[in-house]
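Trainee: I should like to take a close look at a single part of this model.

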Amino acid sequence: MVVISKLVVPKGYVGLTVFPFIFLKFPHLKADEVLLNHERIHLRQQLELLILPFYLIYALEFLLRFCYYRNWKMAYQNISFEREAYRNENQMHYLTSKRFWSFLSYL
């Protein structure tokens with residue numbers, strides 16, 4: 001379910017996925033298929049990890065990468081979940097062929 005909310009989406013971002021919702025900052029983003037595909041990849045990742053472990057692993061990986069890079073943006077971009085989503089967001093049929101826990105190959 002797609003929800004429009006400027007309050008939920010952090011500054012500097014246009015979308016955020018918190019199972020089972022995709023939050024978008026602006027209404028016109030509902031037409032952005034690439035962005036929606038990116039966020040749907042996150043929904044699948046969350047389901048594969050039974051939701052709560054996804055958030056724990058995401059936060060832990062971000063912290064480790066932040067300590068390594070000392071840069072917020074680089075740490076975010078190198079989280080395995082984000083790497084998988086960004087690399088495959090243009091493949092509209094990616095979710096039909098996505099392997100279980102395929103984010104592990106992006107570690």
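Trainee: At the start of α1, which backbone nitrogen does a side-chain oxygen of aspartate 32 reach?

Mentor: This is a predicted model, in which local features need pLDDT of at least 70 and side-chain atom pairs count only at pLDDT 80 or more, while totals for chains, interfaces and linings use all residues. Residues are numbered from 1 along each chain as its sequence is written, and side-chain values use heavy atoms, with hydrogens and water left out.

The backbone nitrogen is that of valine 34, and the side-chain oxygen of aspartate 32 comes to within 3.2 Å of it at the start of α1. Helices are DSSP runs of H or I with at least four residues, strands are runs of E with at least two, and both are numbered from the N terminus.

Helix α1 covers residues 33–48. Its 16 residues should span 22 Å at 1.5 Å a residue (the expected span is 1.5 Å times one less than the number of residues), and the end C-alpha atoms are 22 Å apart, which agrees.

Among the buried residues of α1 (under 20% relative accessible area, with a 1.4 Å probe and protein chains only) are Leu35, Leu36, Ile41 and Leu43. Polar or charged names also appear in that buried set, including Asn37, His38, Glu39 and Gln45. The cover over the buried residues of α1 includes the strands β1 (2–4), β2 (15–18) and β3 (21–24). Helices α2 (52–69), α4 (80–88) and α5 also belong to that cover.

After α1 comes leucine 50, with a positive phi near 60°.

Within helix α2 lies arginine 65, which is buried, with a relative accessible area of 18%.

How values were computed
Buried means under 20% relative accessible area, exposed over 50%, partly exposed in between (1.4 Å probe, protein chains only). Contact means heavy atoms within 4.5 Å. A polar contact is a pair of N or O atoms within 3.5 Å; within protein, one must be able to donate a hydrogen and the other to accept it, and residues adjacent in sequence count only if both atoms are side-chain atoms.
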